[in-house]
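Open your viewer, switch to a cartoon view, and get ready to click along. Each stop on this tour tells you what to select and what you will find there.

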Amino acid sequence: MHKSFMTAAFVFTLATPALAAGQFFVALDTATKECHVMNTRPDGTTQKMVGSGAYKSEAEAEQAIQSLNECKS
């Protein structure tokens, strides 16, 4: 059982960066009031997250910018 647990932990460790790599966020720059896509979660101070959270692709996040009220100037 111990060997199975160690194997599962190792596989999870390898898979974690791959899971995070597929996340994109729409961020509103609090200084310029412009939206852009980020591949890291906005910090909440200089960059505010808008939209429905993480998007699976950059194209999906770019498309979301077009429909978000916070991103319309």
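What pattern does the protein chain follow when read along the sequence? Colour the cartoon from start to end and you can read off α-β-β-β-α. That makes two helices and three strands; here helices (H or I, at least four residues) and strands (E, at least two) are DSSP runs, numbered from the N terminus.

Before clicking further, note that this is a predicted model, in which local features need pLDDT of at least 70, side-chain atom pairs count only at pLDDT 80 or more, and totals for chains, interfaces and linings use all residues. Residues are numbered from 1 along each chain as its sequence is written, and side-chain values use heavy atoms, with hydrogens and water left out.

**Stop 1: the sheet**

Select the three strands. They form an open, antiparallel sheet in the order S2-S1-S3, where two strands pair if DSSP finds at least two bridges between them. Strands of a sheet pair through backbone hydrogen bonds, either parallel or antiparallel. S2 (35–38) and S3 (47–55) stand at the edges with a single partner strand each, so one side of each has no neighbour in the sheet. Neighbouring strands are turned by 30 degrees against each other on average, direction ignored; axes are lines fitted to C-alpha atoms, for helices over the stretch in contact, and angles run from 0 to 180 degrees between N-to-C directions.

**Stop 2: the hairpin**

Now select S1 (residues 24–29) together with S2: the two pair in the antiparallel sense over four bridges. Valine 26 stands opposite valine 37 in S2, and leucine 28 has cysteine 35 as its bridge partner. Five residues lie between the two strands of this hairpin, and lysine 33 in the turn has a positive phi of about 65 degrees.

**Stop 3: the helix on the sheet**

Next, show helix H2 (residues 58–67). H2 packs on the sheet and touches S1, S2 and S3, a contact being heavy atoms within 4.5 Å. The direction of H2 makes about 165 degrees with that of S2.

**Stop 4: the disulfide**

Which cysteine does the disulfide join to cysteine 35? Show sticks for cysteine 71: the S to S distance is 2.0 Å, and a disulfide here is a pair of cysteine sulfur atoms within 2.5 Å. Cysteine 35 lies in S2 and cysteine 71 in the segment after H2, so the link ties together parts that are 36 residues apart in sequence. With -85 degrees about the S-S bond, the link is left-handed. Both cysteines are buried, which means under 20% relative accessible area, with exposed over 50% and partly exposed in between (1.4 Å probe, protein chains only).

**Stop 5: glutamine 47**

Finally, select glutamine 47 in strand S3. Is glutamine 47 buried or exposed? At 13% relative accessibility, glutamine 47 counts as buried. Its side chain makes a polar contact of 3.4 Å with that of aspartate 29 and another of 3.2 Å with that of histidine 36. A polar contact is a pair of N or O atoms within 3.5 Å; within protein, one must be able to donate a hydrogen and the other to accept it, and residues adjacent in sequence count only if both atoms are side-chain atoms.
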